[in-house]
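Okay, thanks for making room for me today. Let me put the chain up on the screen and then talk you through a few spots in it.

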Amino acid sequence: MTADQSPAYEAGLQVENAFGSGAFHGLEQAEYTLSLSSVIELGDKRRARVNAVSSRYALVDAQREAETLDLLGKVTQRYVVALALQEKLGLAEQAVALNEATLNIAERRVKQGASPNSEVLRARAALAQSRISQAALITEFDIQKTELASFWGDTQANFKRLEGNLFRVEPGKSFDLLYQRVSRSPMIRVYASEKRMRDAQVKLAQSESETDIRWQLGARRHEATGDTALVVGLSVPLFTERRNRGEVQAALAARDEVAYRRQAALLELHTLLFDAYQTRQHSISAVEQFQSLVIPTLTEALTLTQKAYESGRYSYLEWVSAQRDLLGAREAMVEAAAKALLNQVLIEELTAQPLMQP
């Protein structure tokens, strides 16, 4: 490490009383001084430099860890979005099947003279629209799969389906525990590492205020007499602390600014975590109500409406409305489950730990 090295040695050659006038013409009266010089560092500058460089490396490592978590979060979010689209594709297939069944029933009732021909036309239009929606979802799903594959370097998705349960949601930990994890997460450790770096820079600036001693040792030859003599020199800069006061104050201000930014980041993360936590809890509750009450009720209602429509007791509109209610509830359940998982991904990114971890 360069910072751990001692001050460099310097070799020097000095010629005096040469190429002048009169007796000093030429080199007869010249004096040659060959010297070696360096600096004696005071104020523990060497350790301060090493600490400053080491803390900068630690900050880079913390930033890299935070960036890795951010990338993993993006990949997982893409996966959840694609998984939700896959569920919606299943709903689109159900919609097409229901519209096909509706068309068959309508055609049969028209042949029996129980319904007007307009119901067949409307059923055909509804079937065509459901197939258009299904094709649009297939295209969107292919796009999501390709974008997901790009995260591991592939230009196309070499898989047809995604593995995973969109509706597997659990309550998780309390908010207070999650916030404790956030306060120890890599995003906050970045500020701690930056503060250590700023502390090291303050100490380095303070060490620079300490005066160094420059020494010089050499030999001088007098050309006129052929004699040699030892040359020793010491030099000390004056008023170093006063000149370096601005650097120290700037380093202190930079260190204090990190503390302010860390506090602001904690407040922002608290708000973000609370929003994600509450949204996830609400979405989980919605999924549970859809599964236990809404979907079973609407499924039974659809079955009864179909029988009533086939027997002529319910109109075409009531039959279609029952279909839409059920499919709409199932799509809303998919949206709620996806929202719960997306917010879980955000919470895990903020805490840098799995939500279900003990």
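I'll start with the whole chain and then go to three residues.

Quick housekeeping: this is a predicted model, so local features need pLDDT of at least 70, side-chain atom pairs count only at pLDDT 80 or more, and totals for chains, interfaces and linings use all residues. Residues are numbered from 1 along each chain as its sequence is written, and side-chain values use heavy atoms, with hydrogens and water left out.

So, the overview. We have seven helices and four strands; those are DSSP runs, H or I of at least four residues for helices and E of at least two for strands, numbered from the N terminus. Starting at the N terminus, the order is β-β-α-α-α-α-β-β-α-α-α. Of the 358 residues, 34% count as buried, meaning under 20% relative accessible area with a 1.4 Å probe and protein chains only, where exposed is over 50% and partly exposed is in between. Take the contacts (heavy atoms within 4.5 Å) between residues at least 6 apart in sequence: 78% of them join residues at least 24 apart.

Now, arginine 109. You'll find arginine 109 in helix α1, residues 45-111. What is the nearest side chain of opposite charge to this buried arginine 109? That's glutamate 119, 4.6 Å away, and arginine 109 has no salt bridge. The cut-off there is a side-chain nitrogen of Lys or Arg within 4 Å of a carboxyl oxygen of Asp or Glu; for charge, Lys and Arg count as positive, Asp and Glu as negative, and His and the chain ends are not counted. What the arginine 109 side chain does reach is the backbone oxygen of tyrosine 309, at 3.0 Å. Leaving out neighbours within four places in sequence, its contacts include Ala114, Ser115, Glu310 and Gly312.

Next, alanine 337, which sits in helix α7, residues 316-351. Is alanine 337 buried or exposed? Buried, because its relative accessible area is 0%. Not counting residues up to four places away in sequence, alanine 337 touches Leu166, Phe167 and Val287. Its C-alpha atom is 8.9 Å from that of arginine 280, 57 residues apart along the chain.

Last one, tryptophan 152. This residue is in the loop between α2 (117-150) and α3 (175-182). Tryptophan 152 counts as partly exposed because its relative accessibility is 47%.

That's my tour, happy to take questions.

Key
Polar contact = N/O pair within 3.5 Å; in protein donor to acceptor, adjacent residues only side chain to side chain.
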